[in-house]
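Dear colleague,

I am passing on the structure below, together with some notes on what was found in it. Please look through the model first and then read on.

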Amino acid sequence: KPFAMALKAASSVQYIGRKKRVFYLCAECNKLFDRKQVEVNHKVPLGSLKTYEDLPGFCERLFVEDLSLLEVLCKECHKEETAWQREQRNSAEQK
């Protein structure tokens, strides 16, 4: 349900002729996309599941219900954000 609420908050209805279309605003690049081109991103990374101790925090962040912790991104921006988060996590683990 939180994902659906995040999508609804980022949605914009536009009419093309008589046809109603719903587009979603990417929080990063501020462009409009079809539903198939967007994904909901956790602003606080879910983290890894490398050990059993990672599981409770992972599940807590996975099922977050606070909409301020979710954002709608186009697939390209989500890919870049995930890569950046992974890089940050890996550099923190190496220290």
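The notes that follow take up the nonpolar core, the strands and the cysteines in turn.

Please keep in mind throughout that this is a predicted model.

I would begin with the largest nonpolar core, which has 14 residues, and in which Leu7, Cys26, Val38, Val40 and Val72 are those with the most contacts inside it. The elements that give two or more residues to this core are helix 1, which covers 2–9, strand 4, at 38–42, and strand 5, at 70–74; of these, strand 5 gives the most, with 4 residues. Val72 is a useful place from which to view the region, since, leaving aside its neighbours within four places in sequence, Val72 is in contact with Ala6, Leu7 and Ala10, with the run Tyr24, Leu25, Cys26 and Ala27, and with Val38, Glu39 and Val40.

Strand 4 and strand 5 are also paired with one another: they run antiparallel and are joined by 5 bridges, and within this pairing Val38 stands opposite Cys74 of strand 5. As for its surroundings, strand 4 is largely enclosed by the rest of the structure, because 4 of its 5 residues are buried.

There is, in addition, an open sheet formed by 3 strands in the order 1-2-3, with antiparallel pairing. Its edges are taken by strand 1 (11–16) and strand 3 (32–33), each of which has a single partner strand, so that one side of each is left without a neighbour in the sheet. Strand 1 pairs with strand 2, residues 19–25, over 6 bridges in the antiparallel sense, and here Ser11 has Tyr24 in strand 2 as its bridge partner. Tyr24 appears as well among the contacts of Val72 listed above.

The cysteines deserve a careful word, as you may wish to know how many disulfides there are in the whole structure. The search finds 0. Cys26 is in no disulfide, and the nearest cysteine sulfur, that of Cys29, is 3.6 Å away. Because a disulfide requires the two sulfur atoms to be within 2.5 Å, the separation of 3.6 Å between the sulfur of Cys29 and that of Cys26 is too far for a bond. The two residues can also be described by their accessibility: Cys26, at 0% relative accessibility, counts as buried, whereas Cys29 is partly exposed, with a relative accessible area of 28%.

With best regards

Note on methods: Residues numbered from 1 in each chain as written. Predicted model: local features only at pLDDT ≥ 70, side-chain atom pairs only at ≥ 80, totals over all residues. Heavy atoms only, no water. Core = buried A, V, L, I, M, F, W, Y, C linked by side-chain atoms within 4.5 Å. Buried < 20%, exposed > 50% of the residue type's maximum accessible area, 1.4 Å probe, protein only. Contact = heavy atoms within 4.5 Å. Pairing = 2+ DSSP bridges.
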